[in-house]
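User: Please take one part of this model and go through it closely. Then set that part against the chain as a whole.

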Amino acid sequence: MRIVVHGQEAFGKAVLDKLLERKENVVAVFCAPDKAGRAEDPLKVFAREKGLPVHQPKSWKTPEALERMKSCSADLCVMAYVTLFVPQPVLDAPKLGTIQYHPSLLPLHRGPSSINWPIAMGRTETGLSIFWPDEGLDEGPILLQKKAEIGPDETLGDVYFKKLFPLGVEAMVEAVDLVRAGKAPKVPQDHSKKTYESWFKKDIAEIDWAKPVAEVYNLIRAANPAPGAWGTIKDQKVDIFDSAKVAGSGNPGEILAIDGQGVTIAAGGGAILAKRVRRGDGKKVPAAEWATSAGIKAGDTFVQPAPKSS
């Protein structure tokens, strides 16, 4: 079976590596265009090392891009972490169609930040889907799904790198086998409810210390390592990463203690122990070190965020 891999970054590289390890007939690789000032995509570098043709269309909406896909005479396109919109004619160009990875249990958490949102919402379970993409936003029929637990203290990084990344690579391979055997289902998604969620951006990650401590902790976990949950104190913005939910009481955002473990900050019904932060110069440091260098002391208080417009 002739396979085209379309993807980018470490996940795309890992999928390609696994397919080549299995002696799959990968005939071409498509990845995102190079970005000025950034290193070459790991998928691109790896594909060239393996002697595979690499294509980087700036857009899939051109006749030239469609012809490029058709010229591969592929049986299947495997899409691993794709950010460019791909029109239906391109998806349909391979003989058996195109399959895609998405790190959520579709139709839940459709959209570009599908790992952040379930953590921020306090969910205890997420997963991944391999589906047949169409021109909708993560709306195509499901081929297979895998579930993954979200531990009470796990961060975005934990859930992705320790669970959804390796599980996703194996699921892509399983999906390829099902397609080859003619046993790959196409189960329609239920779109009766709105399940699309946009980017989990920096403004969303601003901490409201008056909220219940569990919600604050979930937000910090969901934004670790990106985009970083943050607050402002003494006119200084600071991102909070490694943390713990602890007992404590005080005004929302009040610094309760600074010690070798970190900085304890009051939230609704409890407190957050901030262990590692990113200060204004971009460096991640132990929270107590930041507090000392920034002149922060017990009793100082984080500014509460301005009300967000609806």
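Analyst: **Close look: helix H8 and its sheet**

Gly-295 comes directly after helix H8, and its phi is positive, near 70°. Helices (H or I, at least four residues) and strands (E, at least two) are DSSP runs, counted from the N terminus.

First, the ground rules. The model is predicted: local features need pLDDT of at least 70, side-chain atom pairs count only at pLDDT 80 or more, and totals for chains, interfaces and linings use all residues. Numbering starts from 1 along each chain as its sequence is written, and side-chain values use heavy atoms, with hydrogens and water left out.

Now the helix itself. H8 covers residues 287-294, and its buried residues are Ala-287, Ala-288, Trp-290, Ala-291 and Ala-294. These five residues lie on the same side of H8, because they cover an arc of only 160° around the axis. The arc is taken from the directions that run from the helix axis to the C-beta atoms. Thr-292 and Ser-293 sit on the other side of H8, and both are exposed. Here buried means under 20% relative accessible area, exposed over 50%, and partly exposed in between (1.4 Å probe, protein chains only). A general rule is useful at this point. An α-helix has 3.6 residues a turn, so residues three or four places apart point the same way.

What does the sheet look like? Its four strands run in the order E8-E9-E14-E15, the sheet is open, and the pairing is antiparallel. The edges belong to strand E8 (229-233) and strand E15 (284-286); each has a single partner strand, so one side of each is left without a neighbour in the sheet. From one strand to the next, the twist averages 35°. H8 packs on this sheet and touches E8, E9, E14 and E15. The direction of H8 makes about 95° with that of E15. A contact needs heavy atoms within 4.5 Å. Axes are lines fitted to C-alpha atoms, for helices over the stretch in contact, and angles run from 0 to 180 degrees between N-to-C directions.

Next, the pairings. Two strands pair if DSSP finds at least two bridges between them. E8 and E9 pair in the antiparallel sense, over five bridges. One bridge joins Thr-232 to Lys-237 in E9. The two strands form a hairpin with two residues between them. In that turn, Lys-234 has a positive phi of about 50°. Strand E9 (residues 236-240) also pairs with strand E14 (residues 276-278), antiparallel over two bridges. There Asp-239 has Arg-278 of E14 as its bridge partner.

**The wider chain**

How many helices and strands does the protein chain have? It has eight helices and 15 strands. The C-alpha trace spans about 65 × 45 × 35 Å along its principal axes. The chain has 310 residues, and buried ones make up 50% of them. Among contacts between residues at least 6 apart in sequence, 66% join residues at least 24 apart.

Three residues elsewhere give a range of surroundings. Start with Thr-126, in strand E6 (residues 125-131). Thr-126 counts as buried because its relative accessibility is 4%. Beyond residues up to four places away in sequence, Thr-126 touches a list that includes Pro-103, Leu-105, Lys-146, Ile-150 and Leu-164. Pro-118, Ala-148 and Val-159 are also among them.

Then take Ala-10, in helix H1. Ala-10 is partly exposed, with a relative accessible area of 42%. Setting aside its neighbours within four places in sequence, Ala-10 is in contact with Pro-42 and Phe-165. Ala-10 and Arg-68 are 58 residues apart in sequence; their C-alpha atoms are 24 Å apart in space.

Finish with Gly-37. Gly-37 lies in the loop between strand E2 (25-31) and helix H2 (42-49). With a relative accessible area of 86%, Gly-37 is exposed. Gly-250 is 213 residues from Gly-37 along the chain, and 46 Å separates their C-alpha atoms.

Back to the part in focus. H8 has its buried residues, Trp-290 among them, on the same side, and H8 touches E8, E9, E14 and E15 of the sheet.
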